[in-house]
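Biologist: Please give me a close look at the salt bridges in this model and at what surrounds them. I work with cut-offs every day, so do spell them out as you go.

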Amino acid sequence: MRFAQRDGLKNVLSVGHTNSWEDANPATQTSELNSQDILQAWRDFESSFFAGALLCPKVPFRQLLDRSGYEIDVHLKAGVSPSVAMRRMTVVSPYPHWHYFDAYGQNKLKAVYRGNGIPLPWGNMRKVNDPCQHWAVFRRLSEPLAHSSAQISILNVNDEPRIYCCESVNMTDPAGNNRVLCAGIDLNPAIDAQGGNSRAIAEELKSLCVDKGGSATIPRSIQKEFTTIAKILNINWIERGLENQARVICSRGAVCPRKPSCYQQCSEYDVFRSNEV
């Protein structure tokens, strides 16, 4: 019990920059993601998993999600935090292709889940100077909103375009730092399961977005396909994502598929500085 209390205390103090245990030695602070950061992220991931299993039993919580259409505000009905509810969604849903990010900023990961194998926008836990700023998690960090928002994205994974839809929400930690929770799914398996051709749809949507400078309104034929998937999976925010333009995203700016590239005329230093603003 004593160890658990000590462990919990450290977890709270390490949330933000103010009064953080990391401030004890400011000379050693760096923007690099070191082994301690990774260990902290993994510990918090395990803690969120345990909290979800304890507070949100699988069958009752799945029934609640089904009645609520997987809305983020389901956490109010369950009496848990948004992070616990969103992390638990990835486990209790019968659809296995989920991802979840809990981020405090560039290279500041509190918890990560990649059940659908989506590449990390942070360069797979390595510092990068050109992270793609079109990921929903980065956009919400730089442009906080008072409500949740949905985004449909196209990302190349192993030279194959994949379609993702995510719901993101801004939070504020006890130290006043902006925090973003993001839960999303890979739509390709769901499209294929219904007899569709996810590769062809993803290629069409990607080409359309690239031709339009990186984002474009989703055609009605594809909207109809996604609406069907939303109804089958009973996830409301897939349909809300159709109200916004689809966006091409990348694992890092060096492989940006947009024309012109977002980083074509930017030095790595300028890109890095712009990400800090």
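Modeller: Happy to! A salt bridge here is a side-chain nitrogen of Lys or Arg within 4 Å of a carboxyl oxygen of Asp or Glu. This is a predicted model, with local features needing pLDDT of at least 70 and side-chain atom pairs pLDDT 80 or more, while totals for chains, interfaces and linings use all residues. Numbering starts from 1 along each chain as its sequence is written, and side-chain values use heavy atoms, leaving out hydrogens and water.

The structure holds seven salt bridges. Let's begin with the one between Arg 240 and Glu 167, whose closest N and O atoms are 2.6 Å apart. This pair links distant parts of the chain, since Arg 240 belongs to helix 10 (residues 236–241) and Glu 167 to strand 4, 73 residues apart. Helices (H or I, at least four residues) and strands (E, at least two) are DSSP runs, numbered from the N terminus. Glu 167 is buried at 1% relative accessibility, whereas Arg 240 is partly exposed at 25%. Buried means under 20% relative accessible area, exposed over 50% and partly exposed in between, with a 1.4 Å probe and protein chains only. Glu 71 joins Glu 167 and Arg 240 in a network of salt bridges.

Glu 167 also matters for reading another arginine, Arg 140 in helix 6 (residues 136–142). Arg 140 is buried but has no salt bridge; Glu 167 is the nearest side chain of opposite charge, 6.9 Å away. For charge, Lys and Arg count as positive and Asp and Glu as negative, with His and the chain ends not counted. The side chain of Arg 140 does make a polar contact (N or O atoms within 3.5 Å, one able to donate a hydrogen and the other to accept it) with the side chain of Ser 149, at 2.6 Å. Beyond its neighbours within four places in sequence, Arg 140 has contacts (heavy atoms within 4.5 Å) that include Leu 145, His 147, Ser 168, Val 169, Asn 170, Asn 178 and Val 180.

Now for the strand that carries Glu 167. Strand 4 (residues 160–172) runs antiparallel to strand 5, with nine bridges joining the two. Cys 165 in this pairing stands opposite Ile 185 in strand 5. Five residues lie between the strands of this hairpin, where Gly 176 takes a positive phi near 85 degrees. Strand 5 (residues 178–186) is largely enclosed by the rest of the structure, because eight of its nine residues are buried.

Two further salt bridges round off the tour. Glu 203 and Arg 199 form one, with closest N and O atoms 3.4 Å apart. These two residues are separated by about one helical turn, because they are four residues apart in helix 8 (residues 198–211). Glu 203 is partly exposed, with a relative accessible area of 30%, and Arg 199 is partly exposed too, at 38%. The side chains of Glu 239 and Lys 231 meet in the other, at 3.2 Å from N to O. Glu 239 is partly exposed at 26% relative accessible area, whereas Lys 231 is exposed at 56%.

For the wider setting, the protein has 11 helices and seven strands. Of its 277 residues, 47% count as buried.

Terms used. Pairing = 2+ DSSP bridges.
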